[in-house]
Structure formats: structure tokens, C-alpha cells
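User: I have a model open and would like to know what stands behind the labels people attach to it. Could you walk me through the reasoning, one label at a time?

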Amino acid sequence: MEHSKALSLAHLWTAFLCFLPAVGLGFWQMLMRSPLPAPVDDPNVYYASVTAHGSIMAYVFPTFFAMGFGYAIAVSALGRPLQGEKWAWVGYALSLIGTVMALVPVAAGRSSVLYTFYPPLVGSPWYYLGLALVIIGSYFWIALMVVNFRTWKRENPGKPVPLAMFAITACAILWGWTALGAVSEVLFQILPVTFGWSHTIDAGLARTLFSVTLHAIVYFWLLPAYIAYYTLMPQAAGGRLYSDTMGRITFILFLVFSIPVGLHHLFMDPEHGAGFKFVQSVLTFMVALPTLLTVFTITASLEIAGRVRGGKGLFGWIRALPWEEPMVLAVGLSLLLLGPGGFGGLINMSYAMNAMIHNTSWVTAHFHLIFGGAVVIVYFAIAYELWPRLTGRPLFSKRLADIQLWLWFWGILITTIPWHIVGLMGQPRRYAIFDYSDPEVAKTAFLVILSVIGGCIVIGSVLLFFYVLVRSNLAPVAESMPPIRYALSVNPPATVPALLNGFGLWNVILLALVLIAYGYPIGQFFFLHNQNAPAYSLTRGITK
Amino acid sequence: MSGQNKPSRFQNPTGFIVVAVVSATLVVAFGLGFLILPRYQESRAPFSTKDTLYHALGFHIHGKGFNTIQPTLKVPTYIAWTETTIQHATAGDRKGGELIATNCTACHGEKGLSSQPWIPSLAGLDRLVQYKQLDDFRSGTRLSGPMSAIAQSLTPQQYADVSAYFASLPGLPEDRGERAPRAGSSYRNSDPVRRLIYAGDPKRGIAACASCHGPGGYRIGAPALARQNELYLEQQLQAFAQGTRANDMDMPMRTIAGALTDSEIRALAHAYAIENAKGP
């Protein structure tokens with residue numbers, strides 16, 4: 001872990017420094033939608049804010065986080081210096097420049113298109129170019145993960161690639177494939193309009209291309225957290241991973257099944273027939289499998305640790321676990337959040353049930369519960385785990401870290417559960433303002449205020465997180481800092497089948513599935529349904 | 001299974017099993033989605049396997065046999081914002097337009113700023129807006145004796161030219177769909193007119209005026225209203241409300257104006273007339 005510390009740290013700091021203002025914007029957005037007073041209550045500002053919040057939280061924050069975490073894993077799990085560190089810095093610089101390029105026009109109110117773009121709505125080209133640059137920067141990371149993975153395999157023939165490296169490489173490959181959807185939407189549909197080469201956008205095609213990215217991106221966010229589940233948590237709990245093989249299968253399943261499922265975001269869209277929507281709905285259920293495997297494996301790993309520590313009886317092992325360890329606490333709380341989040345997801349992906357909650361606050365609540373809750377809470381724990389190793393300074397206070405995680409857990413629950421309910425009551429998402437003098441809307445007022453209280457707790461938690469990090473950074477460098485250790489499995493594999501030690505066949509299956517699931521839905525636009533619609537410029541740059 | 005030689009499929013069938021499981025899943029999914037479920041989906045289920053497949057692919061074959069008696073076609077406008085129309089409407093020649101505009105100045109003012117309160121100012125007005133209105137006057141979907149006659153005497157190219165000319169004149173504040181953030185643009189504002197302009201009134205199905213007409217909002221084909229003549233605005237809202245003006249695509253203006261009270265119409269016209277680009 002001697003190498004590339006500055007590299008990882010730069011990525012992680014960038015990720016969290018972007019995260020901080022985005023959380024603040026999110027809180028203000030909740031105020032806007034509530035009956036409570038909100039400063040600068042202007043719907044235009046709301047949409048700019050949602051765009052900034054979403055773009056940071058969906059693209060910038062997780063991308064920088066995964067890159068920083070990935071480099072740390074490559075160095076520490078493979079036990080060799082990072083190959084191509086220079087290129088990693090180039091990728092970092094590109095992503096950073098892209099972030100600034102994207103956010104400046106958003107702040108100027110020229111790109112309030114939300115992070116999902118919503119063509120034929122179009123904003124400033126700088127916004128799209130900036131986000132494309134963030135993604136291009138991340139392709140350097142993808143290439144470096146694959147290169148380092150292969151070099152290690154070549155140098156260690158026959159040996160299983162360490163699970164952490166195997167998993168982060170799966171995450172990188174997944175991102176590499178899935179980002180192509182949004183990138184091609186931007187390149188072929190949106191940018192030609194923003195440059196004035198065309199005045200119309202095929203809204204159906206653009207939405208379909210985005211759906212290629214839109215679902216797998218959540219697994220790109222999720223996988224770093226799962227890596228911590230499998231490789232960091234059992235070690236922190238003082239036990240072992242229940243099964244290394246289960247981990248490999250989980251990450252492979254995510255890689256294979258996360259992309260050909262995106263049409264479940266378009267269930268209510270008219271440009272696709274029911275057949276492919278149904279097929280992708282079925283495939284989405286397949287992608288629930290690796291999460292079920294994970295819940296099983298991680299609970300078993302926790303039980304092993306609990307029993308090693310002397311826990312007895314049916315539930316005694318739970319009490320015996322070292323809950324004061326931030327990593328153990330975060331994973332435990334994350335699993336709890338994953339439960340309601342996952343079941344909510346099953347409703348969203350069910351072709352028929354989706355109609356009840358489509359475009360309501362339920363959906364917003366769902367992805368905040370899963371990503372904000374189950375995933376980001378583990379990002380915090382990873383930060384607590386990595387910071388001392390990267391800076392050489394001990395963590396300021398485990399106790400404060402634990403309080404921070406607990407605050408986050410309750411904050412997210414109190415925010416998102418009322419949100420789910422108002423969604424079922426019919427509250428639409430993406431609305432800036434609600435007229436609470438309307439009796440139908442007034443019914444939601446109490447729950448909306450409740451979720452704002454949850455938002456306050458979340459804000460408190462984030463501030464505490466930064467307090468702990470900054471105080472840790474101010475501490476003197478410790479004389480020695482134990483290196484990062486990854487959990488051994490109960491039966492550490494001496495060899496693994498080639499299939500579970502590489503991605504060759506899986507990439508082929510993935511591409512075949514994407515071709516089968518998306519070939520016709522995308523292809524139809526070129527020979528059947530042309531759905532060109534006039535582009536809606538947010539500003540008049542295009543038509544005047 | 002170990003050793004240097006690659007294990008055969010029979011010694012290590014994992015890959016084969018994986019492909020088989022994935023394929024089986026696909027077969028089941030396609031079978032259900034394309035052959036079985038469509039038969040039970042619609043109130044009027046497809047008759048044949050071919051129909052079923054068509055339905056699943058998204059071809060909507062039903063209904064073509066219905067509606068053999070069509071009502072008389074009545075459209076609010078003959079303009080649709082297609083690529084061709086937009087290109088044509090924005091490709092006007094300003095110089096050519098200046099010449100044509102000599103016919104307009106008597107009513108719309110020397111520099112496109114009308115001094116007659118019931119006639120709109122044109123200086124700075126969006127090209128697409130002018131182009132559409134001229135075409136509507138020509139086709140009779142918007143009624144005005146003088147304007148219909150003038151529009152019928154011009155060609156579509158001349159519509160584009162004269163629109164380009166007036167759009168280039170300084171006058172009505174240019175509204176690029178942007179404005180500085182400003183508090184009080186929501187239902188929290190106690191001023192009912194500003195509430196209508198910036199937040200609308202969803203209880204009555206009224207969208208916020210500003211989201212299409214500015215400040216800070218823009219919709220293709222919708223004019224920016226800041227500093228437009230007050231009486232003109234009031235009369236147009238009344239005309240939409242009574243249905244004597246009906247050239248709004250998808251009828252947003254007929255719906256909204258019809259839901260406004262007389263005093264709201266007067267107050268809105270006044271608020272826009274005295275407004276600058278930054279808002280009232």
C-alpha cells in the first residue's frame with residue numbers, strides 16, 4: 001500500500017468534496033417541495049439544483065469513488081505497484097475538468113435538464129461534453145484495472161486473482177460497457193442538436209440508449225459497497241468470508257445481467273412493445289439473484305465472526321459481533337436498508353406493479369434508500385478504513401464514526417419511508433412546488449415534513465463525517481499503520497476454475513444478452529418507427 | 001480438472017451449464033412475453049400467433065378497422081415543429097425582410113414597436129412565433145381581416161424573411177429562457193398574480209405562464225410576453241377564453257384562459273405589460 005497513495009486520496013477527496021454540496025442541494029430541494037419556508041423558492045433554481053445534485057451523485061461522486069477505491073485495491077490486493085500510474089492521473093484530470101465543465105452551465109441555469117437528460121429537452125453543450133469527459137476519464141481507470149488484472153494473472157499463473165481485485169475489475173468492465181449507452185445518446189442524439197446541426201431528436205431512441213446505462217449504473221454504484229461486504233467486513237469483524245466462490249459468482253452475475261434489463265425504466269413508454277419489456281422484466285429478476293446470494297453469504301460470514309468471538313445460540317452471535325467497528329456496523333446497517341430497498345425494487349421492475357408507482361416519489365424514495373442508504377453508508381465505512389492507510393494518520397474517533405453511521409441510517413430511513421408513502425398517495429416526482437392549499441396535496445404535508453426532518457439528520461451525519469475526516473487528517477502521522485487486509489475465506493482457494501478467474505466468456509454472454517434484449521428495441525428506430533421530435537432548448541440559443 | 005491441458009467440456013461442464021441456464025431463461029422469457037401473455041393482455045386479445053407477435057413487438061394493428069367514419073378535420077394550425085419547418089422558419093433573410101416590413105409599419109410601428117394598444121409590438125419577437133402566426137393568418141386558423149389578406153399575399157419564404165427582420169430589432173426584451181434566481185416564485189408568494197405567472201394554479205389546471213412565455217421559461221412557438229401591449233394581451237386572453245382565437249396547438253391557451261376570471265386576465269395583462277425581462 002506504499003504506492004499510489006496520493007492517487008487514491010486525490011480521487012476520494014474529490015468524490016467527497018463534490019458529495020458535500022450535492023447533499024446540501026438535495027436538502028434544499030426537499031424544503032422546496034415541502035410546505036415549509038424555503039429560501040430562493042424559484043422553480044427554475046429547483047431544476048438547476050436537481051440537475052447538479054443528480055449529476056454529482058450519479059456520475060461524479062461514485063465515479064471518483066470507484067476509481068480511488070479501485071486503485072487502492074489494485075495496489076493492496078495485488079501487492080505490487082500500480083502499472084500505468086501516469087495514465088491514472090491523466091484520467092483523474094480529465095474527469096475533474098469534465099466535472100467543472102458540466103457544473104458551470106448547470107449553475108448558470110443553462111442546463112436544467114436533470115441528470116437523465118430528458119431529450120428532446122436540451123441544455124448547454126458544455127454540460128454534456130463535461131459529463132462525457134468525466135466518463136472518458138473513467139475509461140482510463142477501466143483500462144488500468146484490466147491491465148493490472150491481466151499483468152498479475154500473467155505473473156501468477158494458475159493462482160486465483162484476489163477476490164477484491166476480481167470484483168473491482170468486474171465493476172470496471174461493467175461500467176465500460178454500460179456507459180456506452182449514455183455516451184452514444186449524447187454523441188449521436190443530443191450534441192448534434194446543441195451544435196445546431198439538427199433541430200430534432202428521436203426521443204424514443206435517445207431514451208432507449210439511455211436506458212442501456214440507466215440501470216447498470218446503479219450496479220456500478222453498488223459494487224464498491226459489495227466489495228467491502230465480501231473482502232473488508234469479515235476481516236474487520238474478526239472472522240472469515242463464508243465463500244470466495246459465492247463472491248466471484250455474485251460479481252459475475254452482476255456483470256452479465258445488469259445491462260439487458262434497462263427497459264424496465266421504460267415500462268410506460270410507448271416506443272416499445274410489451275414483448276421486450278416483459279423479457280427485460282424477467283432478466284431483471286435474474287439480477288436480484290446476486291443480491292440474494294450476497295445477503296446469504298454476508299450473513300453467514302457475520303455469523304462465523306460472531307461465533308469465533310464466542311457468540312452462542314440462535315441469535316447470540318449477533319450480539320458478539322464487534323459493532324464498534326465502523327465497517328461491521330456499516331455493513332449491518334446497509335443490509336437492513338437493502339431489505340426494504342430491494343423489495344421496493346422488485347415492485348419497480350414488475351411490469352404490472354410498476355404502473356402504480358411510475359413517476360411518483362416512490363421511485364425517488366427507492367433509489368435514495370438503495371444508493372443513499374445501503375451503498376453510501378458503506379462508502380463512508382470504506383473511507384474510514386482507507387483514510388488511515390492512505391494518510392498514515394489514525395482515525396480520529398471510531399465512536400464518532402459509529403454515531404455518524406447511525407445518524408445516516410436513521411436519517412435515510414426517516415427521509416425515504418414517508419417518501420415511499422406519499423409516492424403511493426400519488427405525489428409526482430420532479431415537481432418543484434406543490435400547492436398545499438389543495439386538499440389532496442395537503443394530505444401529504446405531514447409525511448413530507450417528516451421526511452424533511454430525516455433530511456436534517458442526514459445533513460448532520462454528513463457534517464460529522466467531514467469532521468471525523470478532517471480531524472483525522474490533522475493528527476500526527478502514526479509510527480506504523482497496519483496495511484489493509486482482505487478477508488480470507490473459510491476455505492481459501494488454491495485454484496479456481498478459469499471461468500471464475502477471468503471475464504472472457506462472461507463478456508461474450510453479456511454482449512449476446514444485450515444483443516438479444518436490445519437489438520430489436522434499438523434497431524426498430526432505424527427501420528420502423530422514427531420518432532423525431534423538435535428539440536426543446538431550455539434557452540433560445542438554438543432557434544434564435 | 002487441474003493440469004496444463006484445457007479441460008474438456010465433459011470434464012468441466014460449468015461453462016456449458018451457464019450458457020444452457022441463460023438460454024433457458026431467455027426461452028422462457030420470450031415465450032411468455034411474445035406468445036402467451038399477449039393473448040391475455042388486452043381487453044380484445046389478438047386472434048392469431050402473428051397478431052400476438054405483432055402486439056408484443058409494439059405494432060398496434062387493432063383499431064385500424066374502426067373509425068371508418070372520420071369527423072371533419074379541424075386543426076388549430078397547419079404548422080408542426082418538424083425539422084423542415086424549423087429550418088425554413090429560421091432561414092429568413094433579414095435584408096429581404098426589411099423591405100417587406102414597410103407594409104407593416106403603419107400598424108406595428110416604425111421600428112416594430114406599436115403605439116396602438118390593441119396591436120402587438122414585433123421588435124425582438126421570436127422568429128418561429130412570427131412565422132407560425134403568419135401561416136395561421138394565411139390558413140384562417142387565426143382570424144384577422146388585414147392580417148389574413150397580408151399573409152395570403154406573402155410567400156412562406158417572405159414570412160421567414162420578415163420574421164428575421166423584426167426579430168433582429170431592439171424592442172421587446174430578449175428572453176433567452178434565462179433569468180436570475182428570485183425568491184417568491186412559488187405558492188409561498190402571497191401575491192396572486194405573481195403566483196399565477198410563476199407557479200400557476202394546478203387546482204384549476206392552470207400552468208405557470210412563465211414556463212412558456214417567460215421570464216425564465218421558453219417553449220417553441222410561444223411568444224415572450226414581457227412589455228407587450230397590455231390591451232392586446234387582454235384581448236387575446238379573452239379571445240382564447242371564448243374560443244374566438246383557437247390556433248394554439250394542443251389548446252393550452254384555450255384551456256388556461258378559459259379558467260381565468262376577468263379580473264385575473266386584466267391583472268396578468270397588466271403585469272406582463274409593465275414587466276421587464278427580469279420580471280415584475
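User: Why does A:Y118 count as partly exposed?

Analyst: Happy to help, and please keep in mind that this is a predicted model. A:Y118 has 17 C-beta neighbours inside 10 Å. A buried residue needs 20 or more, and an exposed one has 12 or fewer. The value of 17 falls in between, so A:Y118 counts as partly exposed.

User: What makes the backbone of A:Y118 stand out?

Analyst: Its phi is positive, about 45°, although A:Y118 is not a glycine. Most residues other than glycine have a negative phi. A:Y118 sits in the loop between α3 and β1 of chain A. That loop also holds A:P120, and the peptide bond from A:P119 to A:P120 is cis, with omega near 10°.

User: Where else is there a cis peptide bond, this time in chain B?

Analyst: Look at the bond from B:G214 to B:P215, where omega is near -5°. B:P215 belongs to the loop between α11 (210-213) and α12 of chain B. As background, most peptide bonds are trans.

User: How do you know whether A:R430 is buried, exposed or partly exposed?

Analyst: Count the neighbours again: A:R430 has 15 C-beta neighbours inside 10 Å. That is below the 20 needed for buried and above the 12 that would still be exposed, so A:R430 is partly exposed. Its phi is positive too, near 65°, in a residue other than glycine. You will find A:R430 in the loop between α14 (398-424) and α15 (439-442) of chain A.

User: And why is A:L515 given the label partly exposed?

Analyst: A:L515 has 13 C-beta neighbours inside 10 Å. An exposed residue has 12 or fewer, so with 13 A:L515 is partly exposed. A:L515 lies in helix α17 of chain A. From A:L515 to A:W387 there are 128 residues in sequence and 42 Å in space, C-alpha to C-alpha.

User: Why is α7(B) described as largely enclosed by the rest of the structure?

Analyst: Because 12 of the 13 residues of α7(B) are buried. Among them are B:L128, B:V129, B:Y131 and B:F137, along with charged residues such as B:R127, B:K132 and B:D135. The cover over these buried residues includes α4 (83-89), α8 (145-153) and α9 (156-168) of chain B.

User: How do you know that the span of α7(B) is close to the expected one?

Analyst: Helix α7 (residues 127-139) of chain B has 13 residues, and 18 Å separate its first C-alpha from its last. The expected value, at 1.5 Å a residue, is 18 Å as well. Just after the helix comes B:G140, with a positive phi near 85°.

User: What makes up the largest nonpolar core?

Analyst: This core has 241 residues. Those touching the most other members include A:A167, A:L223, A:I377 and A:F380. The largest share of the core, 24 residues, comes from α2(A). For a closer look at A:F380, leave aside its neighbours within four places in sequence: A:F380 is then in contact with A:A330, A:Q404, A:L405, A:W408 and A:F465.

User: Which residues and elements form the contact between the two chains?

Analyst: Chain A gives 39 residues and chain B gives 47. On the side of chain A, the elements with two or more residues there are α2 (43-78), α9 (274-308), α17 (504-527) and β3 (532-534). The largest share, seven residues, comes from α9(A). By class, this side of chain A has 20 nonpolar, 12 polar and seven charged residues.

User: How is chain B built overall?

Analyst: Chain B has 14 helices and zero strands. Buried residues make up 35% of its 280 residues. Its domains are domain 1 (14-57), domain 2 (84-168) and domain 3 (192-273), and 50 Å separate the C-alpha centres of domain 1 and domain 3.

User: What confidence does the predictor give to chain B?

Analyst: The mean pLDDT of chain B is 86, and 85% of its residues reach 70 or more. Among its elements, helix α2 (residues 38-41) has the lowest mean, 75, and helix α12 (residues 230-242) the highest, 96. Where pLDDT is low, the predicted coordinates should not be read in detail. The model as a whole scores ipTM 0.82 and pTM 0.91.

Notes. Residues are numbered from 1 along each chain as its sequence is written. Chains are lettered from A and ligands numbered from 1 in the order in which they are written. This is a predicted model: local features need pLDDT of at least 70, side-chain atom pairs count only at pLDDT 80 or more; totals for chains, interfaces and linings use all residues. Helices (H or I, at least four residues) and strands (E, at least two) are DSSP runs, numbered from the N terminus. Two residues are in contact if their C-beta atoms, placed from the backbone, lie within 7 Å. Domain bounds come from an automatic or database domain assignment. pLDDT is the predictor's confidence in each residue, from 0 to 100. A nonpolar core is a set of buried Ala, Val, Leu, Ile, Met, Phe, Trp, Tyr and Cys residues joined through C-beta atoms within 7 Å. The expected span of a helix is 1.5 Å times one less than its number of residues.
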